[in-house]
Amino acid sequence: MRKSRPERPGGRRREGSSAMPVVTVQQGPRSTELKRELVRQITDAFVDALHVPAESVQVWIHEVPTDSWGSAGKLTADK
């Protein structure tokens, strides 16, 4: 038999509360300050949307140099 999950205020269930979300962001280089803010906002979005504790959200930032990716047939460094 499956245990029922506790109800949240307003009658919403804590769906997926045991899951550990992992978010991967691929982007060009940014300052530490901008990355700090990005991680905070992504974490807040997962806390709000999935009702998980902030401690369970992991954000991995993979920075790609502008000379290592391209779009529309050109390197990003050449734009």
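**Exercise 1.** Between which helix and which strand is the loop that holds His 51 found? Place the residue, then describe its backbone and its exposure.

*Solution.*
Step 1. The model is predicted; local features need pLDDT of at least 70, side-chain atom pairs count only at pLDDT 80 or more, and totals for chains, interfaces and linings use all residues. Residues are numbered from 1 along each chain as its sequence is written, and side-chain values use heavy atoms, with hydrogens and water left out.
Step 2. Helices (H or I, at least four residues) and strands (E, at least two) are DSSP runs, numbered from the N terminus.
Step 3. The loop holding His 51 lies between helix H1 (32-50) and strand E2 (58-63).
Step 4. His 51 has a phi near 60°, a positive value in a residue other than glycine. Most residues other than glycine have a negative phi.
Step 5. With a relative accessible area of 12%, His 51 is buried (under 20%; exposed is over 50%, partly exposed in between; 1.4 Å probe, protein chains only).

**Exercise 2.** Treat Ala 72 in the same steps.

*Solution.*
Step 1. Ala 72 sits in the loop between strand E3 (70-71) and strand E4 (74-75).
Step 2. Its phi is near 55°, again positive in a residue other than glycine.
Step 3. Ala 72 is exposed, at a relative accessible area of 76%.

**Exercise 3.** Describe the chain as a whole.

*Solution.*
Step 1. The chain has one helix and four strands, in the order β-α-β-β-β along the sequence.
Step 2. Of the 79 residues, 16% are buried.
Step 3. Among contacts (heavy atoms within 4.5 Å) with a separation of 6 or more, 56% come from residues 24 or more positions apart.
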